[in-house]
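Hello,

Here is the structure I promised to pass on. Please open it first, then read the notes below.

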Amino acid sequence: MVNVNERFSVEGKNVIITGSSQGIGRETAEQFAHEGANVVVTSRSQETIEEVADGINDSDAPGRAIAVECDVRERESVEALVEATVEEFGSVDSMINNAGASFMAGFDDISENGWKTIVDINLHGTFHGAQVAGQQMQEQDDGGTIINFASVAGTEGSQYMSHYGAAKAAVVNLTASLSANYAPHDIRVNCIAPGLVGTAGVASQMGINPADVDREDIDKEMGLPAEIADLTQFLASEASSYIVGETITAQGVPPLEDSNI
Ligand SMILES: NC(=O)c1ccc[n+]([C@@H]2O[C@H](COP(=O)([O-])OP(=O)(O)OC[C@H]3O[C@@H](n4cnc5c(N)ncnc54)[C@H](OP(=O)(O)O)[C@@H]3O)[C@@H](O)[C@H]2O)c1
């Protein structure tokens with residue numbers, strides 16, 4: 001008889017979550033550690049990721065956390081992240097390419113530099129994370145999971161974030177191609193496309209004070225970071241073993257009027 005709880009478990013897995021200083025990434029790191037995974041908390045802000053990792057290590061979470069600074073736009077930085085993970089935990093079992101960024105602007109107001117920055121973080125960052133971690137997993141020869149982050153902006157388009165939408169659409173496509181490359185190595189690649197989720201990142205894009213994001217002023221139509229963390233855990237666990245190369249949308253009841261994210 002199959003133990004269902006075990007199938008959904010991430011206990012004992014060594015997991016990198018890019019962009020885990022705040023928002024969905026932070027929630028995911030905390031949840032995974034409470035579920036018994038060892039987590040690598042990483043972003044460009046050393047001080048913040050140390051706070052997050054210390055918070056996990058000081059809690060009753062059975063999993064351990066380390067903080068490793070990384071800019072996903074730089075391949076060497078991602079290589080150092082994977083190296084540090086292997087040095088500390090011995091392997092990379094799951095790579096969650098969650099780091100992302102955007103700003104709102106009409107198409108004609110997007111500068112060359114703004115366009116390239118958003119494509120760099122969202123698309124090249126995912127390429128670096130997937131390839132560097134994927135090669136490490138192939139070396140380990142014990143399978144693994146890679147979870148990319150797209151957006152409904154990438155599946156449906158976005159009037160005020162065309163740069164971001166284009167980069168996220170490419171992440172959806174990359175997920176499908178990558179999954180075909182990595183399936184023979186038992187590395188499952190999938191992608192999550194959230195709708196509007198109440199995080200500090202979204203708040204600043206929408207001009208809301210990030211301090212208000214902790215629910216009270218958030219419209220009920222926004223998802224919670226924990227709801228995305230649950231889906232991420234499912235995709236990192238054996239419970240999703242027959243799901244490969246998919247982009248799963250999580251956006252509550254569509255359409256979310258005026259969200260356009
Ligand atoms: N929240 C939503 O409504 C929503 C909707 C659709 C898709 N998404 C996607 O879901 C993911 C998480 O979203 P979120 O709202 O939780 O984001 P968020 O609150 O804005 O946090 C973004 C995270 O990414 C990190 N980051 C940004 N640029 C980076 C870089 N170059 N290198 C490394 N880390 C970098 C940030 O840390 P530092 O600044 O410290 O580096 C931060 O930890 C993103 O991929 C986002 O595009 C979110």
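What follows covers the ligand, its contacts and the pocket around it.

This is a predicted model, so please read everything below as computed from it.

Start with the ligand. It is surrounded by 29 residues. The closest are S21, R44, S45, Y164 and T199. By class, this shell splits into 12 nonpolar, 13 polar and four charged residues.

Three polar pairs are worth finding on screen. In T199, a side-chain N or O atom is 2.5 Å from an oxygen atom of the ligand. For G19, the atom is a backbone N or O, and it lies 3.1 Å from a ligand oxygen. G201 also uses a polar backbone atom, at 3.2 Å from an oxygen atom of the ligand. On its own the ligand exposes 880 Å², and the protein buries 93% of that.

Where does the ligand sit? It occupies the largest pocket. Three elements give two or more residues each to the ligand shell: α2 (23-34), α7 (162-182) and α8 (200-206).

Now the pocket itself. The volume of the largest pocket is about 830 Å³. Its lining counts 36 residues. Nearest its centre are Q22, N98, A99, G100 and A101. The lining holds 15 nonpolar, 17 polar and four charged residues.

Which helix gives the most to this lining? That is α8, with five residues. At least two residues each come from α2, α5 (112-140), α7 and α8.

Best wishes

Terms used. Residues numbered from 1 in each chain as written. Predicted model: local features only at pLDDT ≥ 70, side-chain atom pairs only at ≥ 80, totals over all residues. Heavy atoms only, no water. Near = heavy atom within 4 Å. Polar contact = N/O pair within 3.5 Å; in protein donor to acceptor, adjacent residues only side chain to side chain. Areas by Shrake-Rupley, 256 points an atom, 1.4 Å probe, with all protein chains shown as cover. 1 Å grid on protein atoms, 1.4 Å probe; cavity = no way out; pocket = protein on both sides within 12 Å on 5 of 7 lines; lining within 4 Å. Sits in = over half its atoms within 2 Å of the grid points. Helix = DSSP H or I, 4+ residues; strand = E, 2+ residues; numbered from the N terminus. Nonpolar A, V, L, I, M, F, W, Y, C, P; charged D, E, K, R; others polar. Points joined across faces, edges and corners; volume = space filled by probe spheres on them.
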